[in-house]
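Visitor: I have this one open on my screen and would like to talk it through. Please start with the charges.

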Amino acid sequence: MSISDHALNADQAHQALQTALTLHAHKEGNLLPILHSLQDQLRYIPASVIPALSQAINRSRAEIHGVISFYTHFRTQPPAPVLLEICRAESCQARGANPLIDQVKQRLDCDFHQKGANGQVSLEPVYCLGLCSQGPNAMINGEPVAHLNADALEHYLKEQGVQL
Ligand code: FES
């Protein structure tokens, strides 16, 4: 299930939790895989699933909230329709990620962890996508994009319907 720009309802959250539990609840160290699965399905981790998750895996709500807030990867609010994650790790930096990031921030008129282009794009950092020799790299709505530059990104965003 992929949810882009419509509101999440309780059934979707419940179904996503059941899927995550079916896949991972039986494993040792199940909390992180469950959280990843929830975010993969829903694009963020809604607070409404925490009580049922807590009960299902016998971990306190505080512990679950602590893990979610510790890892910057996890989102507790829905991202914009386009989620742009740019690699900030060393190899991409060496291949020009920083000037690109400056251009992107200016173009979208936002910083990391914010929404830009009138709320159409969420800009997030990631740290290595495993494509280091092809940097600068990014993920756009979960799809890896290599050899990124400002012109290619602008073209790509316009294809996604983003007005810049
Ligand atoms: S450093 Fe960017 S993909 Fe590895």
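Visitor: Which side chain of opposite charge is nearest to Arg75, and how far away is it?

Guide: The nearest one is Glu85, 4.3 Å away, and Arg75 has no salt bridge although it is buried. Charge here means Lys and Arg as positive and Asp and Glu as negative, with His and the chain ends not counted. A salt bridge requires a side-chain nitrogen of Lys or Arg within 4 Å of a carboxyl oxygen of Asp or Glu, and buried means under 20% relative accessible area, with exposed over 50% and partly exposed in between, using a 1.4 Å probe and protein chains only.

Visitor: What kind of model is behind these values?

Guide: It is a predicted model, in which local features need pLDDT of at least 70 and side-chain atom pairs count only at pLDDT 80 or more, whereas totals for chains, interfaces and linings use all residues. Residues are numbered from 1 along each chain as its sequence is written, and side-chain values use heavy atoms, with hydrogens and water left out.

Visitor: Back to Arg75: where is it found, and what does it touch?

Guide: Arg75 sits in the loop between helix 4 (61-70) and strand 1, where helices (H or I, at least four residues) and strands (E, at least two) are DSSP runs numbered from the N terminus. Leaving aside residues up to four places away in sequence, Arg75 touches Gln39, Arg43, Tyr44, Ile45, Leu83 and Glu85, contact being heavy atoms within 4.5 Å.

Visitor: How does the domain assignment divide the protein?

Guide: It gives domain 1 as 10-70 and domain 2 as 82-159, with bounds that come from an automatic or database domain assignment. The C-alpha centres of domain 1 and domain 2 are 28 Å apart.

Visitor: Now strand 1. How many of its residues are buried?

Guide: In strand 1, residues 82-87, 6 of 6 residues are buried. Both faces are covered, with Val82, Leu84 and Ile86 on one side and Leu83, Glu85 and Cys87 on the other. In a regular strand, side chains alternate between the two faces of the sheet.

Visitor: And what order do the strands take in the sheet?

Guide: The order is 2-3-1-4-5, in an open sheet of 5 strands with mixed pairing. Strand 2 and strand 5 stand at the edges with a single partner strand each, so one side of each has no neighbour in the sheet. From one strand to the next the twist averages 30 degrees. Two strands pair if DSSP finds at least two bridges between them.

Visitor: In which sense does strand 1 pair with strand 3?

Guide: Strand 1 and strand 3 (residues 121-126) are parallel, over 6 bridges, and Val82 has Val121 as its bridge partner. Strand 1 runs antiparallel to strand 4 (residues 138-140), with 3 bridges, and there Leu84 stands opposite Ile140. Strand 2 and strand 3 are also joined by 3 bridges and run antiparallel, with Gly116 opposite Val121.

Visitor: Which strands does helix 6 lie across?

Guide: Helix 6 (residues 97-108) lies across strand 1, strand 2 and strand 3, at about 155 degrees to strand 1. Such angles run from 0 to 180 degrees between N-to-C directions, the axes being lines fitted to C-alpha atoms, for helices over the stretch in contact.

Visitor: How many salt bridges does the rule give?

Guide: The count comes to 4 salt bridges. One of them joins the side chains of Glu154 and Arg107 at 3.1 Å, N to O. Glu154 belongs to helix 7 and Arg107 to helix 6, so this pair ties together parts that are 47 residues apart in sequence. Glu154 also meets Lys158 at 3.3 Å, N to O, and Arg107, Glu154 and Lys158 are thereby linked in a network of salt bridges. Elsewhere, Lys105 and Asp111 meet at 3.0 Å, N to O.

Visitor: Which bond is cis, and which residue has a positive phi near 50 degrees?

Guide: The peptide bond between Gly135 and Pro136 is cis, with omega about -5 degrees, and Pro136 is in the loop between strand 3 and strand 4. Ala117 has the positive phi near 50 degrees without being a glycine, and Ala117 is buried at 8% relative accessible area. His147 likewise has a positive phi of about 50 degrees, but His147 is partly exposed at 48% relative accessibility. Most residues other than glycine have a negative phi, and most peptide bonds are trans.
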